[in-house]
Every structure is written in structure tokens, then in C-alpha cells.
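Visitor: I should be grateful for a close look at a single part of this structure. Please treat the sheet and its surroundings in one connected account.

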Amino acid sequence: MHPSKGALTHMALLEIKNLHVALEDGPEIVKGVDLAVDLNEKHAIMGPNGSGKSTLAYALMGHPAYEITEGQILLDGEDVTELGADERAQRGLFLAFQYPHAIPGVTVTSFLRSAINAIRKARAGEDDPIPIPEFRTALLAAMEDLKVPRELASRYLNDGFSGGEKKRVEILQMALLKPRIAVLDETDSGLDIDALRIVANGVNALVGPETGALVITHYQRILNYVTPDFVHVFVDGRIVAEGGPELAHRLEAEGYEAFTPATVGGDA
Ligand SMILES: Nc1ncnc2c1ncn2[C@@H]1O[C@H](COP(=O)(O)OP(=O)(O)OP(=O)(O)O)[C@@H](O)[C@H]1O
Ligand SMILES: [Mg+2]
């Protein structure tokens, strides 16, 4: 690298550098990941069960059970590796969970309002709650767009929700929080065909000059709607291949055999 060029080097929105993640006192799961997701970009991560995709997503979000043992996470050039999950969320990082948790006692509406207000407070430096009429209008519009049944809003978050309802509510959250970088961990799994299209539209509507997205998935089908700019193949805690949308088609046709550790490093 030319030292004189350093200052001019473009910094992507999200930069993951040599990231290693271990379970507390446990084995290393993510074994050195480099990945940059920029504004206006959609990236897909595909990889076999147990390869560490969700672990990577949790570590990005700052889940305390996943320890970053080496490497860095930069958001807009700021090192957020040591920050808590709330601070990362305030900076615009959002994770749609593979397995969203239920919060009995907290309705979807009050959860969403608290989440919005926490972010507004962080941005304003003081309490700055969204006016109720503004919140209601935004919520109803987003629910309509995402075809989330009205009655879900007054139920406890994810409590007794069907698999697909949980995923839709994750996307509802995303639409209302308007993150700068959205990480979706298998949000497409378990969705019916209409919901898949709705979720994909939600991602497409979000990604633009101010936002990027990282979509973790097992299936090509969501990528028919959310065309990725880059596809990363994730095997055994590492990105072992990268390409464009054609790579997802190849995986669908051939599986991961060509990318498994025994063959990686060959001429695959
Ligand atoms: N909290 C935990 N406790 C014990 N093991 C864990 C924990 N979290 C992850 N692991 C293990 O780490 C490995 C990677 O898990 P992870 O959930 O990241 O895989 P994944 O790539 O998301 O798989 P899938 O495609 O099935 O969602 C697995 O072997 C899993 O059992
Ligand atoms: Mg997973």
C-alpha cells in the first residue's frame, strides 16, 4: 500500500477485519473474517449449518456470549468492537434474528416505540420521544406495507407468534428503525411465498445511498428478489469464496462440496 494514499482510502460503511469469535471459554467459531459492506450494497452470506454464520451476526451486534478474540468491527470508520449492543444499534446497526425471542408482557407497539425512542435519545443526546401521532402513522403505514396483521401490534412480542409472523415483525422493526446497516439472519426461512416477497421488498426499499445490507441465507429463492451485489461462501468459520449472484446459483446446483475444507486451497 502507498502510505501517501492512506488518507484517501475509502472506508466502507461496515468493515470487518480479521474477526475471530469464540464462545465464552469455548472453541473458536469464527476464524478470521474480512468483509466490507458499503452503502447501496447488498451482500449475501451462504454456508452450511453450523459454519458460524449466526455467531458472526451475534458478534457484529455485540451479543455478550460471543467473545471477539481478535480483529475489529468498524462502522463508518469508528471502531465499535468494544461497544455494547445498544451503542451499536444507536449507530445504525440492526440484526434480524434467526430465532426471535418472545418478550411476554411487552406489546409489539410498545417495544417498537421504546426502540425508536432509545435511538432518538442517543442521537439527540437527551430524551426526544417520537410524538404518538407520528409514531402511529409510521407504524400503521409500515404494517400496511409489510402486510403485518393489525392485531399483532397489540400482542406481546413474538409470544405465540407463528414462525412467519416473527420474521415479519423483525422486518417491521427494521422498516421503522431505518438502520444504516441491516443484518438479516435467515429471515427468509419459514416464510410463505407472499411473505418472502414482502420481506425482500422491505430490504430493497431500505438499501440505498444511506444503507447497506447483509443477508444470511440458505436459499437462492430470496436472492431472486434481493439481487446481491456480492455473495460470500462461509465454511467452517471463514469466507472461502466470493463472487456475484452467479455464485449463489452455483451453490444451489452443486452444494458446498467444492468449498469444504478438504478441497479449499486446491484449484476449486
Ligand atoms: N451459545 C452457544 N452454545 C454452544 N454452542 C454454540 C453456541 N452458539 C453457537 N454454537 C455452536 O457454534 C457453531 C456455529 O453455530 P452457528 O449458529 O453460528 O451456525 P450457523 O452457520 O448459523 O448455522 P445454521 O445454518 O444452522 O443457522 C455450532 O456448532 C453451534 O453449535
Ligand atoms: Mg444460523
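To begin with, how many bridges join strand 9 to strand 10, and do these strands run parallel or antiparallel?

Guide: The model is a predicted one. Strand 9, residues 181-185, and strand 10, residues 212-216, run parallel and are joined by five bridges. Within this pair, Val-183 has Leu-214 of strand 10 as its bridge partner.

The two strands belong to an open sheet of six strands, arranged in the order 6-9-10-3-11-12 with mixed pairing. Strand 6 (93-96) and strand 12 (238-243) stand at the edges; each has a single partner strand, so one side of each is left without a neighbour in the sheet. On average, and with direction ignored, neighbouring strands are turned by 20 degrees against each other.

At the strand 12 edge, the pairing with strand 11 is antiparallel and comprises five bridges. Here Val-231 stands opposite Gly-243 of strand 12. The hairpin formed by strand 11 and strand 12 has two residues between the strands, and Asp-236 in this hairpin takes a positive phi near 50 degrees.

Helix 1, residues 53-61, lies across strand 3 (42-46), strand 6, strand 9, strand 10 and strand 11 (230-235). Its direction makes an angle of about 145 degrees with strand 6.

Helix 1 also leads on to ligand 1, since it gives the most to the shell around that ligand, with three residues. The residues surrounding ligand 1 include Gly-50, Ser-51, Gly-52, Lys-53, Ser-54 and Thr-55, as well as Leu-23, Ile-29 and Gln-98. By class, this shell has eight polar, three nonpolar and one charged residues.

Notes: Residues numbered from 1 in each chain as written. Chains lettered and ligands numbered in written order. Predicted model: local features only at pLDDT ≥ 70, side-chain atom pairs only at ≥ 80, totals over all residues. Pairing = 2+ DSSP bridges. Helix = DSSP H or I, 4+ residues; strand = E, 2+ residues; numbered from the N terminus. Axes fitted to C-alpha atoms, helices over the stretch in contact; angles between N-to-C directions. Contact = placed C-beta atoms within 7 Å. Near = placed C-beta within 6 Å. Nonpolar A, V, L, I, M, F, W, Y, C, P; charged D, E, K, R; others polar.
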